[in-house]
Amino acid sequence: MEELRGRRVLITGASRGIGAASARAFAEAGAKLALGARDERTLGALADELRERGADVVTRRCDVADAAAVAALVDACVDAFGGLDVLVNNAGLIEPIGQLAETDPAEWGQAVDVNLKGVYHGLRYGLPAMLAGGGGVVVNLSSGAATFTLDGWSAYCATKAAVLMLTRCTQAEYGDRGIRVVGLSPGTVATDMQATIKESGVNAVSQLDWSVHIPSEWAGRAVAWLATDDAADLAGVDFSLTDEAGRRRVGLPAPKG
Ligand code: NAP
């Protein structure tokens, strides 16, 4: 992934899980990083780790539900590095988990604010910065839940489906201006989100043995790979890591069984 050296990469929800693993993968490839999340302490520790390994990193506290905070994170990236080449809309949450008519409207609304509007905010403020530099790549974290229903996950399924449509809409509007937008559907990944799912006991995903989840490092590597020219054919679609062909393209082991 030598071509990522010097690329200016912004990642939301970078404090833990797939976001942090993506930051490590981009840093290893020599990219410059603007990282946002709500937990400044964890984010700061990650930034220290990456700087010790030679990476240029800026961090900002950023709740993606807050448009102004996302705009400020983009500004921080442009101020520090002179532009933005890769935007990773990663921040997301699984809650509320439960039958639709028993969910709390405020929690359901929070899922929309983070999972859907958070991605919109990233695009709204990230695209002008990318266009100013002649283009770039957007990776939106998607899910199998964007196209399949899962019991008790109405907010997650509906917001991820909407993000897939945002991926398509953005590609259609900006594809001829040097922007490529792709979704990553990583399969199940061993992160705090899967721990929350397991604890809920709701639907088949919560019953999966922990060993079937892929490590977050694999998902992070896929995010970084999607920003390379090798993935240029994957515009306006969700790319899946659940089948052998997808794994092979990223250079990851084939799925078990
Ligand atoms: P995770 O371990 O729960 O981490 C979520 C990250 O998002 C954290 O860094 C968290 O940081 C951040 N975040 C949450 N709410 C935020 C907000 N309002 N503003 C900014 N950051 C926020 O989740 P993950 O498994 O890494 O998931 C990352 C993405 O991958 C999500 O979009 C998820 O839907 C998607 N995904 C995950 C799986 C899986 O199996 N794990 C499968 C398919 C797709 P702070 O708490 O510090 O803000």
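This briefing describes the ligand site of the structure above and the pocket that holds the ligand. The model is predicted, and the space taken by the ligand is its largest pocket. With the ligand in place, the protein covers 95% of the 880 Å² of accessible area that the ligand has on its own.

**Contacts with the ligand**
- The ligand is surrounded by 28 residues, of which Ser 15, Arg 38, Tyr 156, Val 189 and Thr 191 come nearest.
- Two contacts involve side chains: an N or O atom in the side chain of Arg 38 is 2.7 Å from an oxygen atom of the ligand, and an N or O atom in the side chain of Ser 15 is 2.8 Å from an oxygen atom of the ligand.
- Asp 39 contributes through its backbone, with an N or O atom that lies 2.9 Å from an oxygen atom of the ligand.

**Make-up of the shell**
- By residue class, the shell around the ligand divides into 11 nonpolar, 11 polar and 6 charged residues.
- Helices α1 (17-28), α5 (154-174) and α6 (192-200) each supply at least two residues of this shell, and the largest share, 3 residues, comes from α6.

**The largest pocket**
- The largest pocket has a volume of about 1100 Å³, and among its 46 lining residues Ile 18, Gly 92, Tyr 156, Thr 191 and Met 193 are the closest to its centre.
- At least two lining residues come from each of α1, α5, α6 and β7 (238-240), while α6 provides the largest share of the lining, 5 residues.
- The lining divides into 20 nonpolar, 18 polar and 8 charged residues.

Technical notes: Residues are numbered from 1 along each chain as its sequence is written. This is a predicted model: local features need pLDDT of at least 70, side-chain atom pairs count only at pLDDT 80 or more; totals for chains, interfaces and linings use all residues. Side-chain values use heavy atoms; hydrogens and water are left out. A residue is near a molecule or strand if one of its heavy atoms lies within 4 Å of it. A polar contact is a pair of N or O atoms within 3.5 Å; within protein, one must be able to donate a hydrogen and the other to accept it, and residues adjacent in sequence count only if both atoms are side-chain atoms. Accessible areas come from the Shrake-Rupley method with a 1.4 Å probe; for residues, only the protein chains shown count as cover. On a 1 Å grid over the protein atoms alone, a cavity is a set of points where a 1.4 Å probe fits but cannot get out, and a pocket is an open set with protein on both sides within 12 Å along at least five of seven lines; lining residues have an atom within 4 Å of a point. A molecule sits in a cavity or pocket if more than half of its atoms lie within 2 Å of its grid points. Helices (H or I, at least four residues) and strands (E, at least two) are DSSP runs, numbered from the N terminus. Ala, Val, Leu, Ile, Met, Phe, Trp, Tyr, Cys and Pro count as nonpolar, Asp, Glu, Lys and Arg as charged, and the others, Gly among them, as polar. Grid points are joined across faces, edges and corners, and a volume is the space filled by probe spheres set on the points.
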